[in-house]
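Before the conversation starts, please have the sequence and the model open side by side. The learner will ask how certain features are read, and the teacher will reply with the general idea and then the case at hand.

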Amino acid sequence: HVTLKANIVLLPGDGIGPEIIQQAELVLGRIADIFGHEFEFESHLIGGIAIDTCGDPLPQATVDACRASNAILLGAVGGPKWDDPSAKTRPEAGLLRIRKELGLFANLRPIRLFSQLVDASPLKREIIEGTDILFLRELTGGIYFGASGRDDNNGDESAYQQMVYSVSEVERIVRLAAKAAQGRDNRLTSVDKANVLEPSRLWRQVAARVMTEEFPDVQYDVVLVDAMAMHLINRPRDFDVVVTGNMFGDILTDEASMLPGSLGMLPSASLGSDGPGLYEPIHGSAPDIAGKGIANPLATILAAAMMLRHSLDLPAEADAIEAAVEAVLADGLRTADIARGAESIGTEAMGNAVLQRLTQ
Ligand code: NAI
Ligand code: MG
């Protein structure tokens, strides 16, 4: 057994951010105690609170600390206080910039339905039960970053936005996805629109070569994005790891995030080729419940588990957190957002329950 030393930067941010980050920090601290690791935590400013404190949603001190860290855990940013359209900077700008500064080109979103929460899904039990998909969305290329502009077009004004993918951009995300598949059910689906789009044809060609040459053991198939939108509703449990480009991934991951019916349970990660990964819940700062002590900390705690798995190479420790979360759900413990009107507990009580289960 090897002791791991890790510097973890915490970016609590706004709204419920500080409340949920606090619980995730306690869980990581407990993991360090149990498994004999040394985790050092350092908190930094991002988002609205950073604007209020120093006029910048991503202060240089935060960037420097993130660069020097092994991994980053973020709460959420934003809120009505900073929504003034005349403001010269917005909290979200901090989030976009940190992703760019760290070269985070892959967004990982596991869509997992906890069996204890199957009734929260808008889909029928027999369709959704057992769903466990890991999406990898390319995050720094494709149409969202392509050249754009407008043409006068002889009085009928037009607008354009180019979709561009290079071989190396496709290779690196497909490799990451294939490796993730090897750690799961060993199946990978690539989603594109190769019947219409040239960048998709390149994507499909490069992905097929990477899979044949480097991952012959991984079961691999391709699906068109429009068909995938249907399959997600029809037969979600047929998929293991899904890799796709920026825009298709944006849409499909938002579609998929609705399947479990529990926003407060869904974590995500953004990874680069080297350097720290950024881990966060997919939900926002929930200003409507901020400061009330009722936010669900489980998405952030599950994001911490992803951090252990993907940035710190501690899969057993990640499994321990996920098992503890399942155990508290099996015990019937629910925060208000997943209680469906039944009795609920607060943020701290939920965090404590996970800690207790970890120790057992
Ligand atoms: P939201 O995800 O913050 O909230 C949507 C609904 O879900 C609210 O009713 C909220 O109370 C509930 N909710 C969310 N997380 C919860 C949790 N952990 N436990 C219990 N209930 C939870 O999305 P919304 O309301 O659209 O955005 C609020 C603010 O968050 C905005 O300023 C938005 O820009 C920002 N935002 C930030 C994100 C980030 O930091 N990555 C992502 C999405 C939104
Ligand atoms: Mg989206």
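What follows is a dialogue on a predicted model.

Q: Let me begin with the annotated region: which residues does UniProt list for "domain: Isopropylmalate dehydrogenase-like"?

A: A record of this kind is best read together with what the coordinates say about the span. In the UniProt record, an unreviewed entry, the domain annotation "domain: Isopropylmalate dehydrogenase-like" is listed for residues 7-354. In the predicted model, that span is 41% helix and 19% strand, and its end C-alpha atoms lie 23 Å apart.

Q: How should I read the packing of two helices, and at what angle do the axes of α8 and α9 cross?

A: Two packed helices are described by the angle between their axes and by the distance between those axes. Here the axes of helix α8, residues 225-234, and helix α9, residues 246-257, come within 10 Å and cross at roughly 10°. Because angles under 35 degrees count as roughly parallel, α8 is described as roughly parallel to α9. On the α8 side the contact is made by Val225, Met228, Ala229 and Leu232, and on the α9 side by Phe248, Leu252, Glu255 and Ala256. Sorted by class, the residues of this contact comprise seven nonpolar, no polar and one charged.

Q: Which residues does the UniProt annotation "binding site" cover, and how far apart are they in space?

A: The unreviewed entry places its "binding site" annotation on Arg99, Arg109, Arg137 and Asp226. These positions are spread over 128 residues of sequence, and they are also spread in space, with up to 28.2 Å between C-alpha atoms.

Q: Taking two of these arginines, is Arg99 buried or exposed, and how does Arg109 count?

A: Burial is read here from a count of C-beta neighbours, with 20 or more within 10 Å for a buried residue and 12 or fewer for an exposed one. Arg99, which lies in helix α4 (residues 91-101), has 17 other C-beta atoms within 10 Å and is therefore partly exposed. Leaving out residues up to four places away in sequence, Arg99 touches Leu104, Leu139, Ser270 and Leu278. Arg109 belongs to strand β4 (residues 106-112) and counts as buried, because 24 C-beta neighbours lie inside 10 Å. With the same sequence neighbours set aside, Arg109 touches Phe135, Thr253, Ser268 and Ile282.

Q: Turning to the ligand, how many residues surround ligand 1, and how do they divide by class?

A: A ligand shell can be read first by its members and then by their chemical classes. Ligand 1 is surrounded by 21 residues, the closest being Gly78, Gly264, His283, Gly284 and Asn296. The shell has ten nonpolar, seven polar and four charged residues.

Q: How can separation along the chain be set against separation in space, for instance with Ser43 and Val9?

A: The two separations are best quoted together, pair by pair. Ser43, in strand β2 (residues 38-43), is 34 residues from Val9 along the chain, while their C-alpha atoms are separated by 5.8 Å. Ser43 counts as partly exposed, because it has 16 C-beta neighbours inside 10 Å, and beyond four places in sequence Ser43 touches Leu10 and Pro12. Another pair is Lys124 and Asp64, which are 60 residues apart along the chain and have C-alpha atoms separated by 47 Å. Lys124 is found in the loop between β4 and α5, where it is exposed, with 9 other C-beta atoms within 10 Å. A further pair is Ala180 and Gly284, 104 residues apart in sequence and 26 Å apart in space, C-alpha to C-alpha. Ala180 is found in helix α6, is buried, with 22 other C-beta atoms within 10 Å, and is in contact with Leu134, Leu136 and Val241 once neighbours within four places in sequence are left aside.

Q: Finally, where does Asn153 lie, and what is its phi value?

A: A backbone angle is best read alongside the place of its residue. Asn153 sits in the loop between β6 (148-151) and β7 (158-161), and its phi is near 55°, a positive value in a residue other than glycine. Asn153 is exposed, with 9 other C-beta atoms within 10 Å. Asn186 has phi near 65°, again positive in a residue other than glycine, and is found in the loop between α6 (167-182) and β8 (187-192). With 15 C-beta neighbours inside 10 Å, Asn186 counts as partly exposed.

Note on methods
Residues are numbered from 1 along each chain as its sequence is written. Chains are lettered from A and ligands numbered from 1 in the order in which they are written. This is a predicted model: local features need pLDDT of at least 70, side-chain atom pairs count only at pLDDT 80 or more; totals for chains, interfaces and linings use all residues. Axes are lines fitted to C-alpha atoms, for helices over the stretch in contact, and angles run from 0 to 180 degrees between N-to-C directions. Helices (H or I, at least four residues) and strands (E, at least two) are DSSP runs, numbered from the N terminus. Angles under 35 degrees count as roughly parallel, over 145 as roughly antiparallel, 65 to 115 as roughly perpendicular and the rest as oblique. Two residues are in contact if their C-beta atoms, placed from the backbone, lie within 7 Å. Ala, Val, Leu, Ile, Met, Phe, Trp, Tyr, Cys and Pro count as nonpolar, Asp, Glu, Lys and Arg as charged, and the others, Gly among them, as polar. UniProt positions are given in the numbering used here, feature names are shortened, and annotations may be inferred rather than shown by experiment. A residue is near a molecule or strand if its C-beta atom, placed from the backbone, lies within 6 Å of it.
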